[in-house]
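Visitor: I'd like to walk through this one with you, sheets and interface included. Could you put it up and take my questions as they come?

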Amino acid sequence: MKPLLIPLLVLCILLTFTLITNAYIENLCGELSLLTGQSITAAGNGQWQIVRDKVYEIEKTFSERQQYIAAFIRHSEIDEVLLTMSRAKAAASTEDLSLFSAEASALYALLEHMSTLDKLSAGNLF
Amino acid sequence: MLISLLRTVILYFAVIVSMRLMGKRQIGELEPSELVVAILISELAAVPMQDLGIPLVNGLVPIITLVCLEVLLSGLILKNNLFRKLLCGTPSLLIRNNTVDQYELKKLRLNMDELMEELRLAGFHDINDVKHVILETNGRISIIAKTGITSGSNATGMCTALVSGGKPVKENLTRMGLTIPALHTLIALQGYNDISDILYMFIDENGNTTVIPVDQANGKGAKK
């Protein structure tokens with residue numbers, strides 16, 4: 001039975017690794033989604049400095065962790081997030097409420113989508 | 001391009017190591033699942049090799065998973081006969097004691113032409129020279145010849161099929177210079193009234209005919 005334990009062990013390690021990675025991505029996306037939500041609320045209240053600070057924080061956090069998550073998520077998904085983030089940042093700097101709301105909402109949706117990419121669900125499985 | 005190059009190198013070694021870990025039976029494709037796994041691994045390695053937008057892990061994780069599953073399954077097959085039967089099936093006796101098992105042929109969706117082709121490829125041109133023919137679980141055919149006969153030692157030369165699956169083989173009849181009425185006469189001489197009663201009939205270069213009738217009861221044929 002000993003030789004069979006090795007592939008079983010490897011499978012368990014793989015499973016653990018994928019679960020940890022999923023949890024990490026979910027946490028990151030959750031964190032960024034929260035910041036995005038807060039920036040949308042602040043923009044609605046006209047608190048543009050807070051908006052710019054939040055967007056800066058989102059950008060910084062994502063950039064710091066980008067290299068790691070790029071190993072597990074399709075690069076096109078990451079590119080889309082970066083693009084939407086830069087558009088939201090530009091809208092925040094010009095204090096354009098309608099444009100910022102649109103881009104920030106799109107960013108929120110992208111982050112939510114990214115967090116469910118590898119989630120164990122019937123939709124993902126089939 | 002550098003990324004493409006490095007990915008190719010990584011995936012190449014991943015595939016080599018995978019095949020090495022799975023062992024000689026994988027390379028030999030002893031069972032159907034091994035053929036499937038070999039094809040899957042090559043496809044999985046090709047995807048991140050071509051598309052740089054796909055993470056390398058998306059190719060490596062499935063490859064490692066397949067290797068582990070393959071090693072596990074082959075270990076279980078070794079330890080458990082029931083599992084082996086379930087996963088690999090059992091060898092099928094197509095010809096048993098010089099008798100064609102027509103039920104088995106039907107079950108395997110094999111026709112006589114295919115069986116004769118395999119015999120010829122193995123160097124047996126006359127079905128009368130073989131005692132047992134086994135279709136192994138890996139899809140290969142094993143032939144046990146009658147005592148004193150080896151492959152390629154057939155003295156009767158090439159055998160030509162005249163009837164296959166109850167129907168005349170018109171091209172061969174034309175080549176042999178036989179007409180349908182002449183075929184009917186030959187069949188009548190063998191003691192059969194209808195071509196549809198004959199599963200397979202062939203003639204050798206000496207003019208000797210061999211008939212394998214259709215077994216109406218349970219598909220088990222009787223040799224002449």
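Guide: Sure. One definition to start: two strands pair if DSSP finds at least two bridges between them. And keep in mind that this is a predicted model.

Visitor: Which residue of S6(B) stands opposite Ser164(B)?

Guide: Strand S5 of chain B covers residues 160–164, and 2 bridges join it to S6(B). The two strands run antiparallel. Opposite Ser164(B) in S6(B) stands Lys167(B).

Visitor: In what order do the 4 strands of that open sheet of chain B come?

Guide: The pairing in this open sheet is antiparallel. Strand S6 (167–168) and strand S8 (209–213) of chain B are the edge strands, each pairing on one side only. Reading across, the order is S6-S5-S7-S8.

Visitor: And what angle does helix H7 of chain B make with S7(B)?

Guide: Helix H7 of chain B, residues 112–121, packs on that sheet. It touches S5, S7 (198–203) and S8 of chain B. Its direction and that of S7(B) make an angle of about 40°.

Visitor: On to the other open sheet of chain B, S2-S1-S3-S4: which strands stand at the edges?

Guide: Here too there are 4 strands with antiparallel pairing. An edge strand has a single partner strand, so one side of it is left without a neighbour in the sheet. In chain B that goes for S2 and S4 (141–145).

Visitor: What are the partners of Ile95(B) in S3(B) and in S2(B)?

Guide: S1(B), residues 92–96, is joined by 3 bridges to S3(B), residues 130–135, and by 2 bridges to S2(B), residues 99–100. In S3(B), the bridge partner of Ile95(B) is Val133(B). In S2(B), Ile95(B) stands opposite Val100(B).

Visitor: Which residue in the turn between S1(B) and S2(B) has a positive phi?

Guide: The two strands form a hairpin, with 2 residues between them. The phi in question is about 50°. The residue is Asn97(B).

Visitor: Now the interface: how much area is buried between chain B and chain A?

Guide: In contact there are 18 residues of chain B and 13 residues of chain A. Carbon and sulfur atoms give 79% of the buried area. The total is about 1200 Å².

Visitor: Which residues of chain B lose the most area to chain A, and which helix gives the largest share of that side?

Guide: Three residues together account for 35% of what the chain B side buries: Pro55(B), Cys68(B) and Leu72(B). By residue type, that side divides into 11 nonpolar, 4 polar and 3 charged. The largest share, 12 residues, comes from residues 57–79 of chain B, helix H4.

Visitor: How many salt bridges does the rule find across that interface?

Guide: There are 2 residue pairs in polar contact across the interface. Over all chains, the structure holds 8 salt bridges. Across the interface of chain B and chain A, though, the count is 0.

Visitor: Which residue forms a salt bridge with Lys119(A)?

Guide: Lys119(A) sits in the loop between helix H4 (97–115) and helix H5 (122–125) of chain A. Its partner is 93 residues apart, in helix H1 (residues 2–44) of chain A. With the closest N and O atoms 3.8 Å apart, the partner is Glu26(A).

Key: Residues are numbered from 1 along each chain as its sequence is written. Chains are lettered from A and ligands numbered from 1 in the order in which they are written. This is a predicted model: local features need pLDDT of at least 70, side-chain atom pairs count only at pLDDT 80 or more; totals for chains, interfaces and linings use all residues. Side-chain values use heavy atoms; hydrogens and water are left out. Contact means heavy atoms within 4.5 Å. Axes are lines fitted to C-alpha atoms, for helices over the stretch in contact, and angles run from 0 to 180 degrees between N-to-C directions. Buried area is the accessible area (1.4 Å probe) that two parts lose on being put together, summed over both. A salt bridge is a side-chain nitrogen of Lys or Arg within 4 Å of a carboxyl oxygen of Asp or Glu. A polar contact is a pair of N or O atoms within 3.5 Å; within protein, one must be able to donate a hydrogen and the other to accept it, and residues adjacent in sequence count only if both atoms are side-chain atoms. Ala, Val, Leu, Ile, Met, Phe, Trp, Tyr, Cys and Pro count as nonpolar, Asp, Glu, Lys and Arg as charged, and the others, Gly among them, as polar.
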